[in-house]
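User: Could you take a close look at one part of this model for me? I'd like to know what sits around the helix that feeds the main nonpolar core.

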Amino acid sequence: MKRKALVLAGVGAAALAVPSVMTFAAEDFGKYQVGDTRSGYTFAKVETRAIQDDDFENPGMLWVEHGEEVWETVDGKAGKSCKSCHADASDTMKNVGSTYPVFAKDIGKLENVENRINRCRTDNMKAKPWKYDSRDMLGVVSYVKRQSFGQPMNVKIDGGAASWFKKGEEFYNQRRGQLDMACKHCHVDNAGNMIRANTLSQGQGNGFPTYRLKWQKPGSLHRRFRGCNKQVRAKPYKTGTDEYLALELYVMWRGQGLPVETPAVRN
Ligand code: HEC
Ligand code: HEC
């Protein structure tokens, strides 16, 4: 009931600009809200949140488990597993989920977890890179990011990352596609309002890879970007490209302070 009231209040406020929104008590979202910054969790249905909250029911946890198996599996000509070099992920990977993407000095560009892992596969393991949304990649990224579960998002946007951040911000605010809409038109100006059957969230990235009930599988943040680009009938970029890396940094920065939720559950 409370949740419905909030949604209606949002629509009313946008359509009529009446202060009726003030008459509804704000729901307490605990750690999922930091100031005005709200995780997609707070816009999700109560049933969806319950699935996310229960590790045994959360189907994304099966991918985390798969990732742990892959972590320990030798692959490639160098005869190594991730574990051979990185040992206990709960120790060596514990800050990765909350701090990526980072500017990697040795390659002189921004790098997210997926691209870093593929660099380890090709350079360190002499193995083939994984496809972006393949089962093994989603599994290992979920496993790696899970090691930061609950940690507040804390990405760096200075130094080498500064120019990437600026590009990401431009991308975010730029109108595109046949509908001529920018990310911000939906996720800043209309967060809380309904679009078709969905409540628009702030489009935060702290829960990825996110398990989508609609797909019955998890998806990467870049796959989500592609979906949102397609919604406005703009041509999507490929996953892992510089455009989406820059956008990823900007989106993660918008969510500074929100806890890493991987694997989140969404519609
Ligand atoms: C032969 C050794 C080796 C193997 C095997 C290896 N890596 Fe790495 N990895 C490195 C080195 C070296 C670095 C860069 C130094 C660092 O940040 O620790 C690195 C960095 C990383 C980072 C960034 C860590 C951070 O704190 O920024 C991640 C994530 C990562 N590797 C994941 C993986 C995964 C997943 C696998 C298996 C698919 C893997 N690596 C296999 C050597 C390896
Ligand atoms: C026409 C409206 C629209 C536009 C424009 C749009 N999105 Fe979305 N986006 C949605 C809808 C609908 C969803 C699913 C419900 C929700 O979380 O808002 C979504 C979800 C997301 C999510 C997942 C949030 C979560 O908690 O899992 C992210 C991240 C996201 N969008 C980023 C973006 C970015 C970045 C852009 C610009 C490239 C963008 N969106 C443009 C409609 C839009």
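Analyst: Helices here are DSSP runs of H or I with at least four residues, and they are numbered from the N terminus. With that in hand, one loop is easy to place: Gly 160 is found between helix 8 and helix 9. Keep in mind that this is a predicted model.

Let's go to the core. The largest nonpolar core has 20 residues, and Leu 110, Trp 164, Ala 246 and Leu 249 touch the most other members. The elements giving two or more residues to this core are helix 9 (162–173), helix 11 (221–231) and helix 12 (242–254). Helix 12 brings the largest share, eight residues.

So helix 12 is the part to look at. Ten of its 13 residues are buried, so by the cut-off each of those ten has 20 or more other C-beta atoms within 10 Å of its own. The buried set is Tyr 244, Leu 245, Ala 246, Leu 247, Glu 248, Leu 249, Tyr 250, Val 251, Met 252 and Arg 254. The cover over these buried residues includes strand 4 (109–111), helix 9 and helix 11. Zoom in on Ala 246: leaving aside neighbours within four places in sequence, Ala 246 is in contact with Leu 110, Trp 164, Lys 167, Gly 168 and Phe 171. The length of helix 12 checks out too: at 1.5 Å a residue, its 13 residues should span 18 Å, and the end C-alpha atoms are 19 Å apart, which agrees.

Now for the surroundings. A second, separate core has 14 residues, including Val 96, Val 113, Leu 138 and Tyr 143. Leu 138 and Tyr 143 also turn up where helix 8 meets helix 3. The axes of helix 3 (residues 60–71) and helix 8 (residues 135–146) come within 7 Å and cross at roughly 95°, so the two helices are roughly perpendicular to each other. On the helix 3 side, the contact includes Trp 63, Val 64, Val 70 and Trp 71. The residues of this contact divide into seven nonpolar, five polar and four charged.

Back to Gly 160, in the loop between helix 8 and helix 9. Gly 160 counts as partly exposed because it has 14 C-beta neighbours inside 10 Å. Not counting residues up to four places away in sequence, Gly 160 touches Phe 103 and Lys 105. As for Thr 239, 79 residues from Gly 160 along the chain, the C-alpha atoms of the two are separated by 22 Å.

Conventions:
Residues are numbered from 1 along each chain as its sequence is written. Chains are lettered from A and ligands numbered from 1 in the order in which they are written. This is a predicted model: local features need pLDDT of at least 70, side-chain atom pairs count only at pLDDT 80 or more; totals for chains, interfaces and linings use all residues. A nonpolar core is a set of buried Ala, Val, Leu, Ile, Met, Phe, Trp, Tyr and Cys residues joined through C-beta atoms within 7 Å. A residue is buried if 20 or more other C-beta atoms lie within 10 Å of its own, exposed if 12 or fewer, and partly exposed in between; C-beta atoms are placed from the backbone. Two residues are in contact if their C-beta atoms, placed from the backbone, lie within 7 Å. The expected span of a helix is 1.5 Å times one less than its number of residues. Axes are lines fitted to C-alpha atoms, for helices over the stretch in contact, and angles run from 0 to 180 degrees between N-to-C directions. Angles under 35 degrees count as roughly parallel, over 145 as roughly antiparallel, 65 to 115 as roughly perpendicular and the rest as oblique. Ala, Val, Leu, Ile, Met, Phe, Trp, Tyr, Cys and Pro count as nonpolar, Asp, Glu, Lys and Arg as charged, and the others, Gly among them, as polar.
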